[in-house]
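Please take a moment to look over the sequence and the fold before reading on. The paragraphs below are meant to be followed with the structure in view.

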Amino acid sequence: MLTTNENRAAGRPYRASFYTLGCRLNQAETSLISNNFKNKGYEVVDYGQATDLCVINTCTVTEQADAKCRQLVRQVLKRSPEAFVAVVGCYAQMGAEELAGIEGVDLILGTEDKMQVADFIDVPQKLPEPLIRRSKIKNTPFTISSVGNYEHATRANLKVQDGCDFMCTFCIIPFARGRARSRAFWDIQREAVQLVERGHKELVLSGVNIGTYEHEGKALLDVIRMLETIEGLDRIRISSIEPTTIPEALVHHMAESEKLCNHFHIPLQHGHDGVLMKMRRLYSVKEYVQFLELVNELIPDVCLGTDVMVGFPGESDLEFEATRQLLADLPFAYFHVFPFSERFGTPAVKMAGKVNPKTKKARSRVLRQLSQRKKLEFNRRFLGQRASVLFEERNEAGRHQGFTGNYVKVAATTERDLTNQFVDVELRGIGEDGLVDAWVVGFG
Ligand code: SF4
């Protein structure tokens with residue numbers, strides 16, 4: 001493996017590697033950025049290999065995320081001291097000064113500039129001082145002149161929206177990513193067609209608050225209907241979507257659609273009305289429950305996931321228990337648990353009743369264990385049934401993994417290469433790795 005300087009001396013193409021922290025939207029953006037470097041003639045190499053340039057797409061959703069970003073930047077600088085290091089994204093937007101204090105960082109780009117990172121670097125030559133750019137974040141519709149580069153992935157993320165206007169009191173995202181804005185309808189179609197031409201059979205719609213999508217009178221359901229007409233695209237999956245932004249028509253459409261996966265991830269955040277109000281969430285527990293029941297009734301095999309926060313300021317034992325009970329009662333297949341993290345500049349920082357870290361940890365543990373149990377229960381419901389699975393690459397243990405439309409993760413052991421194929425399977429049992437054992441019964 002050539003070092004950066006040896007690679008330059010050999011006159012070989014520059015190598016670029018990428019690391020993504022945080023959400024699915026960041027993953028979508030990194031793949032678009034990586035494609036731009038590819039188009040500029042760079043060889044894209046896996047993170048951790050010798051490289052001439054490393055782009056780190058960061059997250060700032062919690063204090064831990066910030067710390068992880070800094071740790072990663074240091075790791076890259078240690079591993080590839082001659083490589084050009086660009087740090088972009090949410091933490092670059094909010095914590096540029098802290099990042100600039102790390103010796104060796106060359107470029108820091110905030111939210112508005114990050115998608116153009118390839119244009120900022122002519123030759124990946126280290127700079128004496130970091131160049132910092134944090135332009136004002138626009139709130140107008142946008143286009144992206146790229147197509148996601150997902151070399152090893154079956155599913156591809158498709159960015160449809162960015163930013164958020166909801167201003168939940170704990171959340172830094174409206175500051176880090178700006179106000180809600182939507183991608184031009186025709187530009188979504190253009191990238192989707194290109195992703196399908198590259199062999200992707202499933203697209204995951206990504207954004208910060210995708211239910212608020214609006215472009216020239218078109219809403220998210222119009223985006224889905226348009227994508228359904230693309231030949232060769234077999235599955236469309238909605239990533240996280242806010243509870244108050246899902247029209248009933250979308251639920252009915254999911255119930256009937258052949259291509260839209262039966263899967264909703266709807267952040268609940270808390271199971272007590274008082275806390276939801278302090279969080280400035282836009283629904284009550286009753287409204288959330290009614291909506292979830294409607295979804296479950298219309299789509300009996302739907303996979304329902306959620307996000308939940310523990311340790312919000314003032315959260316009492318009783319309020320936590322209300323959340324735990326609600327999560328246990330509702331037909332969730334899984335949930336992601338986030339301990340409250342103080343984000344400078346958000347209203348929640350000034351709220352009374354800080355919950356101590358030990359309590360937060362204990363509450364997180366209780367909910368994570370509950371989530372594991374719910375997932376097992378959900379998976380068990382389908383044992384003995386047949387399903388169509390889109391398989392991904394073989395894992396280290398020689399097992400092919402993949403997902404059903406309703407997000408049951410299965411694994412099959414077979415000589416045949418199942419990568420990126422729809423395969424009819426029978427769901428047999430739960431394997432030692434916790435995945436559902438699948439028995440191949442046909443190729444769909
Ligand atoms: S809906 Fe609330 S939690 Fe989600 S990004 Fe917007 S402000 Fe943050």
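What follows goes through a sheet, the surroundings of a ligand and a pair of helices.

The model shown here is predicted, and a convenient place to begin is its open sheet of three strands, which has the order 7-10-11 and parallel pairing. Strand 7, covering 155-159, and strand 11, covering 235-238, stand at the edges with a single partner strand each, so one side of each is left without a neighbour in the sheet. From one strand to the next, the twist averages 30 degrees. Strand 10, made of residues 202-206, pairs with strand 11 in the parallel sense over four bridges, and within this part of the sheet V204 stands opposite R237 in strand 11. Helix 2, residues 24-39, lies across strand 7 and strand 10 and runs at about 95 degrees to strand 7.

Turning to the ligand, the residues that surround it are C164, F166, M167, C168, F170, C171, I173, P174, V208, E242 and R281. Sorted by class, this shell contains nine nonpolar and two charged residues, with no polar ones.

The helix pair comes last. Helix 10, residues 248-256, packs against helix 12, residues 285-298, at an angle of about 25 degrees, and their axes are 9 Å apart. Because angles under 35 degrees count as roughly parallel, helix 10 is described as roughly parallel to helix 12. The contact is made by E248, V251, H252 and A255 on helix 10, and by F291, L294, V295 and L298 on helix 12; these residues divide into six nonpolar, one polar and one charged. The crossing of helix 10 and helix 12 is right-handed.

Definitions and conventions
Residues are numbered from 1 along each chain as its sequence is written. This is a predicted model: local features need pLDDT of at least 70, side-chain atom pairs count only at pLDDT 80 or more; totals for chains, interfaces and linings use all residues. Side-chain values use heavy atoms; hydrogens and water are left out. Two strands pair if DSSP finds at least two bridges between them. Helices (H or I, at least four residues) and strands (E, at least two) are DSSP runs, numbered from the N terminus. Axes are lines fitted to C-alpha atoms, for helices over the stretch in contact, and angles run from 0 to 180 degrees between N-to-C directions. Contact means heavy atoms within 4.5 Å. A residue is near a molecule or strand if one of its heavy atoms lies within 4 Å of it. Ala, Val, Leu, Ile, Met, Phe, Trp, Tyr, Cys and Pro count as nonpolar, Asp, Glu, Lys and Arg as charged, and the others, Gly among them, as polar. Angles under 35 degrees count as roughly parallel, over 145 as roughly antiparallel, 65 to 115 as roughly perpendicular and the rest as oblique. A crossing is left-handed if the near helix is turned anticlockwise from the far one by less than a right angle, and right-handed if clockwise.
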